Amino acid sequence: MMLGLELRKAVTADLPDIHAIEIESFADDAWDFEVFASILTESDVQFMVACLDNVVVGYYVLSFKSSERAKIGAFAVKSSHRRTGIAKLMMENILLTCSNNSRENIMLEVKAANNPAISLYSSFDFVIESHEKDYYGEGMDGYIMWRRMK
Ligand SMILES: CC(C)(COP(=O)(O)OP(=O)(O)OC[C@H]1O[C@@H](n2cnc3c(N)ncnc32)[C@H](O)[C@@H]1OP(=O)(O)O)[C@@H](O)C(=O)NCCC(=O)NCCS
């Protein structure tokens with residue numbers, strides 16, 4: 001693991017950094033600040049930040065609301081710090097958490113045009129199970145990807 005890189009639970013003070021990464025990552029489709037603030041209050045959710053030398057460089061939201069499966073509801077890395085293994089570390093933690101919580105099946109939604117994310121998820125054995133036309137608006141298809149117990 002990269003020196004100085006750690007994962008910890010997100011707290012209120014992290015929200016401005018998290019939201020800045022969300023906006024640079026998703027622009028008009030970014031979730032509102034208030035959405036992240038409300039996730040902090042939810043149970044059955046793991047909301048984590050990746051910090052490099054105590055600076056937030058990534059975050060994810062993993063939901064355990066369904067007993068059948070876990071869902072990755074948010075996932076992003078600060079653009080200046082991509083391709084350095086931060087997403088890989090976050091994904092390894094997701095798999096470990098799911099295993100500890102007896103969730104063998106994990107799903108997520110991703111834009112069909114988001115090749116970096118699809119490559120990442122594929123490298124962790126997520127498989128495209130459905131193709132949703134115009135899922136993110138006209139001309140923006142989505143994929144539902146699953147990682148199921150073997
Ligand atoms: C997708 C994203 C999270 C990847 O984060 P990252 O920290 O750069 O990823 P890592 O450095 O850990 O890379 C892990 C693997 O993912 C894949 N990957 C990551 N970025 C990639 C890219 N630009 N092109 C192709 N594959 C990529 C590779 O398999 C990579 O392994 P490698 O570096 O050994 O080839 C990041 O690009 C991001 O935040 N994008 C914007 C937000 C987003 O799209 N989130 C997902 C929404 S569903």
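## The shell around the ligand

A residue is counted as near the ligand if its C-beta atom, placed from the backbone, lies within 6 Å of that molecule. In this predicted model, 19 residues surround the ligand, and the closest of them are R82, A87, P116, S119 and L120. By character, the residues of this shell divide into 9 nonpolar, 7 polar and 3 charged.

Three elements, β4, α3 and α4, each supply at least two residues of the shell, and α4 gives the most, with 6 residues.

## Helix α3 and its two sides

Helix α3 covers residues 86-100, and its 15 residues should span 21 Å at 1.5 Å a residue, a value that agrees with the 21 Å separating the C-alpha atoms at its ends. Within this helix, I86, A87, M90, M91, I94 and C98 are buried. These buried residues lie on the same side of α3, because they cover an arc of only 130 degrees around the axis. A87, one of the buried residues of α3, is also among the residues closest to the ligand.

The buried residues of α3 pack against the strands β1, β2, β3, β4 (70-77) and β5, and also against helix α4. On the other side of α3, by contrast, L96, S99 and N100 are exposed.

## The loops on either side of α3

R83 is placed in the loop between β4 and α3, and its phi is near 60 degrees, a positive value in a residue other than glycine. R83 counts as exposed because it has 8 C-beta neighbours inside 10 Å, where the cut-off for an exposed residue is 12 or fewer.

S102, found in the loop between α3 and β5, likewise has a positive phi, of about 55 degrees, although it is not a glycine. With 9 other C-beta atoms within 10 Å, S102 is exposed. As background to both residues, most residues other than glycine have a negative phi.

## The antiparallel strands β1, β2 and β3

Strand β1 (residues 5-9) pairs with strand β2 (residues 45-52) in the antiparallel sense over 5 bridges, and within this pairing the bridge partner of R8 is V49 in β2. Strand β2 is also joined to strand β3 (residues 55-63), to which it runs antiparallel, by 8 bridges; here C51 has V56 of β3 as its bridge partner.

What is the phi of D53, in the hairpin of β2 and β3? This hairpin has 2 residues between its strands, and D53 takes a positive phi near 50 degrees.

## A112, between β5 and α4

A112 lies in the loop between β5 (106-111) and α4 (115-123). Is A112 buried, exposed or partly exposed? With 16 C-beta neighbours inside 10 Å, A112 counts as partly exposed, since that class falls between the cut-off of 20 or more for a buried residue and that of 12 or fewer for an exposed one.

Once its neighbours within four places in sequence are left aside, A112 is in contact with H131, D141, G142 and Y143. The C-alpha atoms of A112 and I144, which stand 32 residues apart along the chain, are separated by 9.2 Å.

Key. Residues are numbered from 1 along each chain as its sequence is written. This is a predicted model: local features need pLDDT of at least 70, side-chain atom pairs count only at pLDDT 80 or more; totals for chains, interfaces and linings use all residues. Two strands pair if DSSP finds at least two bridges between them. Helices (H or I, at least four residues) and strands (E, at least two) are DSSP runs, numbered from the N terminus. Two residues are in contact if their C-beta atoms, placed from the backbone, lie within 7 Å. The expected span of a helix is 1.5 Å times one less than its number of residues. The arc is that of the directions from the helix axis to the C-beta atoms. Ala, Val, Leu, Ile, Met, Phe, Trp, Tyr, Cys and Pro count as nonpolar, Asp, Glu, Lys and Arg as charged, and the others, Gly among them, as polar.
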